[in-house]
Amino acid sequence: MDRALKGQLVDELGQIFESSGVVVVSRYEGLTVAEMQDLRARMSEAGGSVRVAKNRLAKIALEGKPCASISDLLTGMTVLTYSEDPVAAAKVSQEYAKENDKLVILGGAMGENALDVAGVKAVAAMPSRDELIASIVGCIGAPASNIASAIGAPASNIAGVLSTIEDKAA
């Protein structure tokens with residue numbers, strides 16, 4: 001790999017470390033190509049990405065970044081999973097690691113906060129951004145439907161009373 005390509009790769013990794021909501025570092029020793037493609041597909045579906053990079057270049061890219069504390073995790077065969085959504089990459093990595101014991105989560109970072117294995121599990125257990133938006137919309141919509149049914153209820157009650165009076169009169 002020539003020097004210009006290495007510099008470009010370091011810049012690209014630096015952007016990943018700066019802009020991602022969460023970065024998870026895992027060891028992938030023993031994963032087949034098909035298993036790695038499956039992980040990439042799941043991560044892509046969730047809005048995240050998977051990146052395998054040389055540890056030395058990743059450590060250079062981490063210098064001066066908020067998540068520089070994860071550089072200690074970059075030893076051996078490591079893979080980076082990341083997403084803008086602070087939960088998506090951790091959730092997919094955790095689910096995949098449960099199914100395939102060849103992927104071992106080492107830790108990660110969420111902004112300036114370094115995460116150990118338990119921290120990644122805790123982040124994975126949190127609801128994703130889409131799930132939170134859905135629950136907020138549900139909470140907002142519920143009072144409106146209750147108001148509509150409350151407004152409609154007296155009118156139906158009056159109609160029922162009028163029909164009863166009409167039946168008695170006839």
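In this tour, two residues are in contact when heavy atoms of one lie within 4.5 Å of heavy atoms of the other. Keep that in mind as you click along, and remember that you are looking at a predicted model.

**Stop 1: the whole chain**

Show the protein chain as a cartoon. It holds six helices and five strands. Following the chain along its sequence, you meet them in the pattern α-β-α-β-α-β-α-β-β-α-α. Now think about contacts. Among those in the protein chain with a separation of 6 or more, 79% are between residues 24 or more positions apart. The chain has 170 residues, and 36% of them count as buried.

**Stop 2: helices α1 and α3**

Select residues 3–19 for helix α1 and residues 55–62 for helix α3. At what angle do these two helices pack? The angle is about 60°, and the axes are 8 Å apart. That makes α1 oblique to α3, since oblique takes in the angles left over once roughly parallel (under 35 degrees), roughly perpendicular (65 to 115) and roughly antiparallel (over 145) are set aside. Their crossing is right-handed.

Turn on side chains to see who takes part. From α1 come K6, L9, V10, L13, G14 and F17, and from α3 come R56, L57, A58, I60, A61 and L62. Sorted by class, the contact of α1 with α3 has nine nonpolar, one polar and two charged residues.

Stay on α1 and pick K6, which is found in this helix. Buried, exposed or partly exposed: which is K6? With a relative accessible area of 27%, K6 is partly exposed, because that value falls between the 20% limit for buried and the 50% limit for exposed. Next, draw a line from the C-alpha of K6 to the C-alpha of K54: the two residues are 48 residues apart in sequence and 9.9 Å apart in space.

Then move to N55, whose place is in helix α3. N55 counts as buried, because its relative accessibility is 15%. Leaving out residues up to four places away in sequence, N55 touches L74, T75, G76 and T78.

**Stop 3: helices α2 and α4**

Select residues 33–45 for α2 and residues 88–99 for α4. These helices pack at an angle of about 145°, with their axes 10 Å apart, and the crossing of α2 and α4 is right-handed. On the α2 side, look for E35, D38, L39, R42 and M43; they meet A89, V92, S93, Y96 and E99 in α4. This contact of α2 with α4 has five nonpolar, one polar and four charged residues.

**Stop 4: helices α4 and α5**

Keep α4 on screen and add helix α5, residues 117–125. The axes of α4 and α5 come within 8 Å and cross at roughly 110°, so the two helices are roughly perpendicular to each other. A90, K91 and Q94 of α4 make the contact with V120, K121, V123 and A124 of α5. By class, the contact of α4 with α5 has four nonpolar, one polar and two charged residues.

**Stop 5: the cores**

Which residues of the largest nonpolar core touch the most other members? Select M36, L39 and L103: out of 20 residues in this core, they are the ones. Strand β1 (22–27), α2, α4 and α5 each supply at least two residues of this core. Helix α4 gives the largest share, five residues.

Zoom in on L103. Setting aside its neighbours within four places in sequence, L103 is in contact with S26, R27, Y28, L31, L39, V79, S93, Y96 and A97. Apart from the largest nonpolar core lies another core of 18 residues, including V25, A58, L80 and Y82.

**Stop 6: around β5**

Finish with strand β5, residues 113–115, where A114 has its place. Not counting residues up to four places away in sequence, A114 touches S69, G108 and A109. The C-alpha atoms of A114 and S69 are separated by 6.3 Å, although these residues are 45 residues apart along the chain.

The last pick is E112, found in the loop between β4 (104–110) and β5. E112 counts as exposed, because its relative accessibility is 64%. Select E18 as well: E112 and E18 are 94 residues apart in sequence and 9.8 Å apart in space, C-alpha to C-alpha.

Technical notes: Residues numbered from 1 in each chain as written. Predicted model: local features only at pLDDT ≥ 70, side-chain atom pairs only at ≥ 80, totals over all residues. Heavy atoms only, no water. Axes fitted to C-alpha atoms, helices over the stretch in contact; angles between N-to-C directions. Helix = DSSP H or I, 4+ residues; strand = E, 2+ residues; numbered from the N terminus. Nonpolar A, V, L, I, M, F, W, Y, C, P; charged D, E, K, R; others polar. Left-handed = near helix turned anticlockwise from the far one by under 90°. Core = buried A, V, L, I, M, F, W, Y, C linked by side-chain atoms within 4.5 Å. Buried < 20%, exposed > 50% of the residue type's maximum accessible area, 1.4 Å probe, protein only.
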